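Colleague: I would like a close look at a single part of this model. Please take me through one helix, what it packs against, and how that ties in with the nonpolar core.

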Amino acid sequence: AASFSRMFVQVCLYFYCKCLWRCLKFVVRKLTGRCELQRICYNTKPGAARTMKIEASLKGSKSKRLQTSVSVHPDAIEKTIDDIMELKRINPDINPQLGISLQACLLQIVGYRNLIAEVEKLRREPYDSENPQHEEMLLKLWKCLKPNSPLKARISKQWCEIGFQGDDPKTDFRGMGLLGLYNLVYFAEWDTEIAQQVLSDSLQPKYSVLKDYKLFTNVAASFSYSYSFAIVGINITDLAYNLLVSGALKTHFYNVAPEAPTLTHFQQTFCYLMHEFHKFWIEEDPLDIMEFNRVREKFHKRILKQLQNPEMALCPHFAASESLVNM
């Protein structure tokens, strides 16, 4: 009975607050002459803060047309903006900037949903050793990481040198499918110097002083156990995937992508997470590799905390275009 009473009170409170909120919105519109979407666009600077408020406003609207506007096809966004302006009785000639701002926000919102679908498709596609494109990517990974050490055979113990568990890497991609391979190849191909350095560091049984290069500058540490570079890369892919699907990466992507976030943005984020996890592993100085899950979970919580800041951009060197300023 007590449980039912609490549930009844919560339901009543929910509907009361919802009705009260709608009444407040109506009053504010009458006083300011602007709807909630206008107030958000005019009072919030471009980026995650604005886009997330627009997204919440559209999803929370009593209008089905507004609720579904966050899931339209990218080609339908302009028509959707016209529908929103008409539904909200906003004159586009008097408010030309509003349409531009809404379009930028919707491109980000719809783009994020599409990115999840694209990433999910890669994750579900298994590595196929009979597929020449898959094999070509795998060999490219080796060439980028070990340019001066030719691979003697496709099935070889050499794969362990870059952190795979056995003679044939294909078995290690089961959890993340092609997504794990895509991310590792992107890291090795576009961030080659750091990827090679991280690989070299991960193979050292004893860590002394890190060389002065890019992210790692004047850092001294020591630890007794290395880790498997490729396996950790696949694991960090899983971490990035979960951040994406949970919506945690909206803060980052809405701040760095002026329009729709793409797979390249996701792969750049993976590179950043690899850099940061490597430094974090050194800072934590784990007793052995058995502490990997503990260190990973602590790192995950740290990233989540950073992403709670609406102005957070995980990768400063992948900052949003200045065109955002005028949207």
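Modeller: Contact here means heavy atoms within 4.5 Å. With that cut-off, and leaving aside neighbours within four places in sequence, Leu-273 is in contact with Ile-236, Leu-239, Ala-240, Leu-243, Phe-299 and Ile-303. The model is a predicted one. Leu-273 is among the residues with the most contacts inside the largest nonpolar core, which has 83 residues. Ile-54, Leu-141, Leu-181 and Phe-266 are the others named in that group.

Ile-54 leads to the helix in question, helix 6. Ile-54 is one of the helix 3 residues that make the contact with helix 6, together with Arg-50, Thr-51, Glu-55 and Leu-58. From helix 6 the contact takes in Ser-101, Leu-102, Cys-105, Leu-106, Gln-108 and Ile-109. By type, the residues of this contact are six nonpolar, three polar and two charged.

As for geometry, helix 3 covers residues 48-59 and helix 6 covers residues 96-124. Their axes come within 9 Å and cross at roughly 85°. An angle of 65 to 115 degrees counts as roughly perpendicular, so helix 3 and helix 6 are roughly perpendicular to each other.

Helix 6 also holds Gly-99. Is Gly-99 buried or exposed? Its relative accessible area is 16%, and buried means under 20%, so Gly-99 is buried. Not counting residues up to four places away in sequence, Gly-99 touches Ile-81 and Met-85. Between Gly-99 and Ile-84 the C-alpha to C-alpha distance is 9.3 Å, with 15 residues separating them in sequence.

Definitions and conventions. Residues numbered from 1 in each chain as written. Predicted model: local features only at pLDDT ≥ 70, side-chain atom pairs only at ≥ 80, totals over all residues. Heavy atoms only, no water. Axes fitted to C-alpha atoms, helices over the stretch in contact; angles between N-to-C directions. Helix = DSSP H or I, 4+ residues; strand = E, 2+ residues; numbered from the N terminus. Parallel < 35°, antiparallel > 145°, perpendicular 65-115°, else oblique. Nonpolar A, V, L, I, M, F, W, Y, C, P; charged D, E, K, R; others polar. Core = buried A, V, L, I, M, F, W, Y, C linked by side-chain atoms within 4.5 Å. Buried < 20%, exposed > 50% of the residue type's maximum accessible area, 1.4 Å probe, protein only.
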